[in-house]
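Here is a briefing on a ligand and the pocket around it. Look at the structure first, then read the points below.

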Amino acid sequence: MNPAPNLILVGPMGAGKTCIGRRLAERFGLEFVDADQAIVDDTGSSIPAIFDNLGEPGFRVHEKRVLGALLQRGGQLISTGGGAVLDADNRRLIRQRGFVVYLRVSVASQLARLQRDKTRPLLQRDDREQVLHEMAAFRDPLYREVADLTIDTDLYTPAEATAHAVVRL
Ligand code: S3P
């Protein structure tokens, strides 16, 4: 028997996946699962430590393995890492295994929200803005490819974005 479907959030760093995800999970009685936290729990290493030791390619291997295992289960709200959609197998599984909400955010909002963040290895550099623009250009079509619903988080507080998702789900 197929397990119950999941609600899956995709979108870039700083889109509010964790904050909005927790609210949506509570609203729908789903177990909240943060894919990055699952990687930390599985490996016993922090995300920055994994990047330091194995680089981004090594992190992506762990991400694919852990996310793949999570997606086999059902009844969860899964908040995926911003780069999970880079892998074609991940995209296929994400689409198959749940209803997918893309939380969109502008680079300006990302910069404001992640100003003091030290937990995202890909942003620990001086040209953050440039990096975020390049990521957005490359990844936006990938998020759209998997999404059943897109919500622009620039326009709303987390509570409002959650309410918007609830009425459209
Ligand atoms: C990444 C996003 C992060 C985390 C890692 C890489 C990315 O997750 O997986 O730092 O490539 O955009 P969040 O989107 O939850 O911050």
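The shell around the ligand divides into five nonpolar, three polar and five charged residues. Here Ala, Val, Leu, Ile, Met, Phe, Trp, Tyr, Cys and Pro count as nonpolar, Asp, Glu, Lys and Arg as charged, and the others, Gly among them, as polar. This is a predicted model: local features need pLDDT of at least 70, side-chain atom pairs count only at pLDDT 80 or more, and totals for chains, interfaces and linings use all residues. Residues are numbered from 1 along each chain as its sequence is written, and side-chain values use heavy atoms, with hydrogens and water left out.

**Ligand shell**
- The ligand is surrounded by 13 residues (a heavy atom within 4 Å).
- The closest are K17, D36, R60, R120 and R139.
- α3 gives the largest share of this shell, three residues.

**Polar contacts (N or O pairs within 3.5 Å)**
- K17 places a polar side-chain atom 2.6 Å from a ligand oxygen atom.
- For D36, a polar side-chain atom lies 2.7 Å from an oxygen atom of the ligand.
- R139 also has a polar side-chain atom 2.7 Å from an oxygen atom of the ligand.
- Taken alone, the ligand exposes 390 Å² (Shrake-Rupley, 1.4 Å probe); the protein buries 95% of that.

**Pocket**
- The ligand takes up the space of the largest pocket (more than half of its atoms lie within 2 Å of the pocket's grid points).
- A pocket is an open set of points on a 1 Å grid over the protein atoms alone, where a 1.4 Å probe fits, with protein on both sides within 12 Å along at least five of seven lines; lining residues have an atom within 4 Å of a point.
- The volume of the largest pocket, the space filled by probe spheres set on the points, is about 560 Å³.
- Its lining has 32 residues; M13, D36, G81, T119 and R120 are the closest to the pocket centre.
- α3 supplies the largest share of the lining, six residues (helices are DSSP runs of H or I, at least four residues).

Methods
Helices (H or I, at least four residues) and strands (E, at least two) are DSSP runs, numbered from the N terminus. A polar contact is a pair of N or O atoms within 3.5 Å; within protein, one must be able to donate a hydrogen and the other to accept it, and residues adjacent in sequence count only if both atoms are side-chain atoms.
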